[in-house]
Structures are given as structure tokens and as C-alpha cells.
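Q: I would like a close look at one strand of this model and its surroundings. Please take me through the part slowly, as I am new to reading structures.

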Amino acid sequence: MSKVLNRARAERVLRGAGVDVLVGTTSNNVTYLSGYQPFGQRFLPTTQVYAVVAADALNRATVVAPIADADMAAQFPTPEAQMRWYGRFFVEAPASEESERNLSDELQRFVRFNATQPASSALDELLDALRAYPSNARIAVDERGIAPANYAALREALGVRVTPGADLLDRIRMVKTPEEIRHLQRAVEVIEASYLAALEAAHEGMTEIEMAMVFDTTTVRLGCAPVFTVIAFGARSAFPNAVPSAARLHPGDIIRFDIGCRTEGYNSDISRTAVFGQPSPKQRAYYQAILDGEEAGLAAMRPGARACDIFATAVDATRKGGIAHYRRQHVGHGIGLDVYDHPVLNESVEAALEPGMVFEVETPYYEIGFGGIQVEDTAVITDSGYELLTRTPRTLRVVS
């Protein structure tokens, strides 16, 4: 059984949509529904992996996966999930039963999985699993990860009761469980520690690559996997997705961090801005403006507030704070198994905030020739407002 699935919300969403069976097809949705952690799909996106759950039995999943990934189920067992394997992959069994008995539990599980006879295709196994449900069951299939030909074959075999399901999974995953929030909190703690270590190492002449090495090394040492490390100095900080380079740190340079790591599948995504030496009047003024915008957006976050209203509030406050020409496509987004979870805080999303939603809130500004400045924080929606998971100061950091 998945340890993170928001079962009460899933039951409510599926019941409201009249859906009896839900099929996850992306790596993260398979993990969310079943607890199983796919491997090959992360590197070869066309790899087919499915998790099938019934709306009235969300604690029992059926997983269809390539036999090449059987070691993942051996290393990270999900006892309540029924594993169905397909494809070809060859791992030799122990020479004798006595040799097998001397193996660890995880290796014995691996032996058992490899002793099964895999189906020839993922579609065959998925159809077999779905035919176990009543003939009138409505089936929602996450259309983002399934091969188009397989989806078409499902519709042909099972009829119009097969419908798209990605939107349902997005809606379910919007509200995090306490277990998910614990994972997100840990990812934030590590990324902030890495940021502080990188700032501590700052010195004149240091390259972006050297600072990124300090940053990523700290992240790994603390037990998380780096996901993205945008560390840029001076004028290069205007690149929104700057890749650390050999550019060197000089007095007066902006240092912009847009950084994230992952633990237990859950992500962090925060931003901080520092100046090496004395900030210029424009650096101070513009940073204060984006901070005003972020703080106004945060102050507006509470249950019932609409995403589009948060957007309007944050943009308006940034303009009034001193960047009259400020423009932005969004001022934040949900976070979880994906760095960008739903909902997004933009002008067209009318979704209302709910307790348990977790957001990244940001009002970055990029100007070629000047640089980029950014502050981004992680906020959990509570019954009465919000709580920050980030703890490091949000004011402009001056590094001597």
C-alpha cells in the first residue's frame, strides 16, 4: 500500500467523478498509488508501468512493470501490491535451494520475482487486470504515461467506459498528507543547509562551478539527491535557468540561487539572492520590491483564496514596491512528487486553496545587463492561513 496516498481525498474525487477504477501510468503516479518505485521509466519515458486501484479498495494496487525492474520491488517491497511482470530480462537463479535459503530477504524476493513467467507485453497484463473488475466499471486512465497505441487498444477492448484520468490524479495529489509534508520539510531543510554552506564558501575569484560543487556535495552528504542547481553570478544571474559556469565572483555581483533536491521522491524548490560586497541602490530597491510581492502573496494565502487572486496580489505589490513594469507568468506552484505540482498560481487558475496544499511562492525578476533577483519559499496551507517550511532569512543577503 502506498504510504503517501491521500485516501480520503482520492475516494471523494473518484466518487464525485463516477470512477470505479483508476490507472496511474507515470513514474510518480505509479509510486503515489502503489508505493512501487519504477526505475526504467525515469530514463526511458516510453517504458510502460501501470498501477491499478479500485475506488473502494485503494489500499490494494495491481502493478504492471517490466521484469527488468524486478529488483526494485525486491529492494523496496510493497507487500499489499500485486506485481504483474512483462517483457524479457535474464538474471540467473542460485545453483541450489540451499544456496537460496542463505540469501538475504531482498535477494530471496528477487529470486521469486524472476521465477515468474512474464507476459509478452504491458498491454496484455493491463487488460487482464482490468477485466477482473465488473463489466460496467468506469475506468480512468492517466493518459500522460501510457503509449497512445495502448490507450487506443484499451478503448477498443473496453469501450467508452475508459476515460482520461490525469486530471483526477492532479486533483487528488494537490492536498498533501502529513507523511508527504514530512518528506517536503526534510527536502527544504537540506536545501537550505546546502545554500548556507555555499554562501559560507564564497570568496572573490570563486567560480560558479566551484560554488555549485560545494552546494551539491553538501546536499549529497546530507542524504538528498540534487535536482537542479541554478547558481549564477553578476550579469549571468539574468539567465532564469543558468548552468553554473567558469564565471568568477567579483565585488558587487549578485549571487542568485534557484535550487532544489529530492528525498523519498519529494522535492524542494527555493530561491535566495545575495550580493558579494556592497549592494547598489538598484539591487537593494529591486530586491525589496520582489520581497514585497512575495510577502503580499503569502499574506493572501488561506483556505478558499483563489490561485488567480494570489497571483494578482503578488504582481500588484511588486509593481507598487518599485518595479512598475513588473511582469510575470506565475507567482508560484504546488510541489510534491513533481517540482511543479498543481495548482499553479497564475492569472487563469481559479482553484481555491485548501488546507494541506503545499506551494512554492516566488516573484523573480530578470533584466539582461542588470541580473536576476529572486526569493522563493515553501508554504503549507493551514486551517487559518499558511506556515512556512523554509527557515533561512528572506532579506537580501550581503556577503563580505
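A: In this predicted model, a good place to begin is leucine 22, which stands opposite valine 53 in β2. Valine 53 also stands opposite alanine 61 in β3, and these two pairings lead straight to the strand to be followed here, β2.

General background helps first: the strands of a sheet pair through backbone hydrogen bonds, either parallel or antiparallel. On one side of β2 lies strand β1, residues 21-24, which is joined to β2 by four bridges and runs antiparallel to it. β2 also pairs with strand β3, residues 57-66, again in the antiparallel sense, this time over five bridges. With two residues between them, β2 and β3 form a hairpin.

How enclosed is the strand itself? Strand β2 covers residues 50-54, and because five of its five residues are buried, the strand is largely enclosed by the rest of the structure. For a residue to be called buried, its relative accessible area must be under 20%. The side chains can be sorted by direction: Tyr50, Val52 and Ala54 point one way from β2, while Ala51 and Val53 point the other way, and all of them are buried.

It is useful to step back to the whole sheet. Six strands form an open sheet in the order β4-β3-β2-β1-β5-β6, and the pairing is mixed. The edge strands are β4 and β6, the latter made of residues 162-164, and each of these two pairs on one side only. Between neighbouring strands of this sheet there is a turn of 20 degrees on average, with direction ignored. The mixed character can be followed by comparing the antiparallel pairing of β2 with β3 to the pairing of β3 with β4, which is in the parallel sense over five bridges. Within that parallel pair, valine 64 has arginine 84 in β4 as its bridge partner. Helix α1 packs on the sheet, touching β1 and β3, and its direction makes about 85 degrees with that of β3.

Helix α1, residues 7-17, has another neighbour as well, helix α9, residues 166-173: the axes of the two come within 9 Å and cross at roughly 145 degrees. In this crossing, which is right-handed, α1 passes α9. On the α1 side the contact is made by Arg9, Ala10, Val13, Leu14 and Ala17, and on the α9 side by Leu168, Arg171 and Ile172. Sorted by class, the contact of α1 with α9 has six nonpolar, no polar and two charged residues.

A further helix brings the account back to β2. Helix α7 spans residues 122-130, and since seven of its nine residues are buried, α7 is largely enclosed by the rest of the structure. The buried residues of α7 are Ala122, Leu123, Glu125, Leu126, Leu127, Ala129 and Leu130. What covers them includes β1, β2 and β3, along with β4 (82-86), β5 (139-141) and α8 (148-158). The strand chosen at the start is thus among the elements that cover the buried residues of α7, while β2 is itself a strand with five of five residues buried.

Key
Residues are numbered from 1 along each chain as its sequence is written. This is a predicted model: local features need pLDDT of at least 70, side-chain atom pairs count only at pLDDT 80 or more; totals for chains, interfaces and linings use all residues. Side-chain values use heavy atoms; hydrogens and water are left out. Buried means under 20% relative accessible area, exposed over 50%, partly exposed in between (1.4 Å probe, protein chains only). Two strands pair if DSSP finds at least two bridges between them. Axes are lines fitted to C-alpha atoms, for helices over the stretch in contact, and angles run from 0 to 180 degrees between N-to-C directions. A crossing is left-handed if the near helix is turned anticlockwise from the far one by less than a right angle, and right-handed if clockwise. Contact means heavy atoms within 4.5 Å. Ala, Val, Leu, Ile, Met, Phe, Trp, Tyr, Cys and Pro count as nonpolar, Asp, Glu, Lys and Arg as charged, and the others, Gly among them, as polar.
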